[in-house]
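This report introduces a protein model to a reader who has not met it before. It begins with a contact between two helices and then turns to the wider fold.

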Amino acid sequence: MKRSGHFLKMKQDDEKMVMVTAYDYPSAKLAEQAGVDMILVGDSLGMVVLGYESTIPVTVDDMIHHSKAVKRGAPNTFVVTDMPFMSYHSSLEETMKNAAKIIQTGNADALKLEGADEVLEKISALTKAGVPIIAHLGLTPQSVGVLGGYKVQGKSAESAKKLIEDAKKCEEAGAIALVLECVPHQVAKLVTETLGIPTIGIGAGPDTDGQVLVYHDVINYGVDRVAKFVKTYGNANELIRQALESYVSEVKTRDFPALQHSFTMNDEEVNALYG
Ligand code: KIV
Ligand code: NA
């Protein structure tokens with residue numbers, strides 16, 4: 001399996017890094033087979049697979065439950081797990097406890113934390129404890145209430161400068177990579193050129209060191225509408241709907257199951273059964 005130093009080398013070699021989210025055994029298995037560099041067990045699982053309106057209700061136990069399944073599906077891929085809402089904000093001690101629990105029982109290789117400011121000391125302490133940390137700036141969905149919706153961040157020079165400063169501080173605190181979500185491509189480019197660590201963009205334009213997308217967006221599975229920054233590469237909704245409709249229809253019409261799908265008892269036993 002690749003280690004965090006490998007991703008630094010990829011940036012230095014100008015080799016693009018590909019990350020995709022996965023939330024369970026089959027999605028992780030397919031992501032590994034497709035050759036992604038990293039899998040993210042994102043707290044987007046709250047919306048994508050649990051049906052919540054936001055990532056806010058997701059718990060540490062949810063993250064562990066899904067991380068375990070992902071690790072079983074992709075044992076040879078670097079797995080990053082999101083620390084969920086409020087699991088790294090109350091105190092340093094609480095943060096360390098939650099992080100240890102996710103790393104030790106969910107088998108994550110790194111953790112991702114949103115934000116800078118009061119989160120920087122957590123990034124630093126976790127790094128010192130030996131936990132690889134990925135930072136996440138720009139649109140940080142756990143703060144959607146404060147940001148006032150899912151909006152592009154860093155559109156003014158002033159907010160972009162703050163973002164660049166925050167990015168540098170995340171690197172200084174020890175982050176091994178930085179996710180940049182929904183920021184103008186010019187800002188993502190400048191951050192990417194400024195930092196030594198790799199940037200991983202989503203809605204951040206073509207100039208980041210790597211890219212991340214949500215699994216279900218990539219394959220169009222269970223999503224009604226995708227954001228502007230998404231490109232969809234398949235149509236799982238259609239595939240699955242058609243298969244399920246055929247199944248429903250064939251059971252109703254008695255075409256399935258047929259004898260070929262059935263087990264057989266020999267005639268002697270059948271006679272004895274009726275006799
Ligand atoms: O939870 C998630 O899927 C994420 C990515 C969008 C970066 O944090
Ligand atoms: Na997330």
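In this predicted model, helix α6 (residues 120-128) packs against helix α8 (residues 157-173) at an angle of about 25°, and their axes lie 8 Å apart. Because angles under 35 degrees count as roughly parallel, α6 is roughly parallel to α8. The crossing in which α6 passes α8 is right-handed.

On the side of α6, the contact is formed by Leu120, Ile123, Ser124 and Thr127, which meet Lys169, Cys170 and Ala173 in α8. By character, the residues of this contact of α6 with α8 comprise 4 nonpolar, 2 polar and 1 charged.

The model also contains a barrel, closed by 8 strands in the order β1-β2-β3-β4-β5-β6-β7-β8, with parallel pairing. On average, and with direction ignored, neighbouring strands of this sheet are turned by 25° against each other. Strands of a sheet pair through backbone hydrogen bonds, either parallel or antiparallel.

One pair in the barrel may be described in detail. Strand β2 (residues 38-41) and strand β3 (residues 78-82) run parallel and are joined by 4 bridges. Within this pairing, Leu40 has Val80 in β3 as its bridge partner. Helix α4 (residues 60-73) lies across β2 and β3, and α4 runs at about 170° to β3.

At the level of the whole chain, two domains are assigned, with the bounds tabulated here.

| Domain | Residues |
|---|---|
| domain 1 | 4-234 |
| domain 2 | 239-274 |

The C-alpha centres of domain 1 and domain 2 are 46 Å apart.

Technical notes
Residues numbered from 1 in each chain as written. Chains lettered and ligands numbered in written order. Predicted model: local features only at pLDDT ≥ 70, side-chain atom pairs only at ≥ 80, totals over all residues. Axes fitted to C-alpha atoms, helices over the stretch in contact; angles between N-to-C directions. Helix = DSSP H or I, 4+ residues; strand = E, 2+ residues; numbered from the N terminus. Parallel < 35°, antiparallel > 145°, perpendicular 65-115°, else oblique. Left-handed = near helix turned anticlockwise from the far one by under 90°. Contact = placed C-beta atoms within 7 Å. Nonpolar A, V, L, I, M, F, W, Y, C, P; charged D, E, K, R; others polar. Domains from an automatic or database assignment. Pairing = 2+ DSSP bridges.
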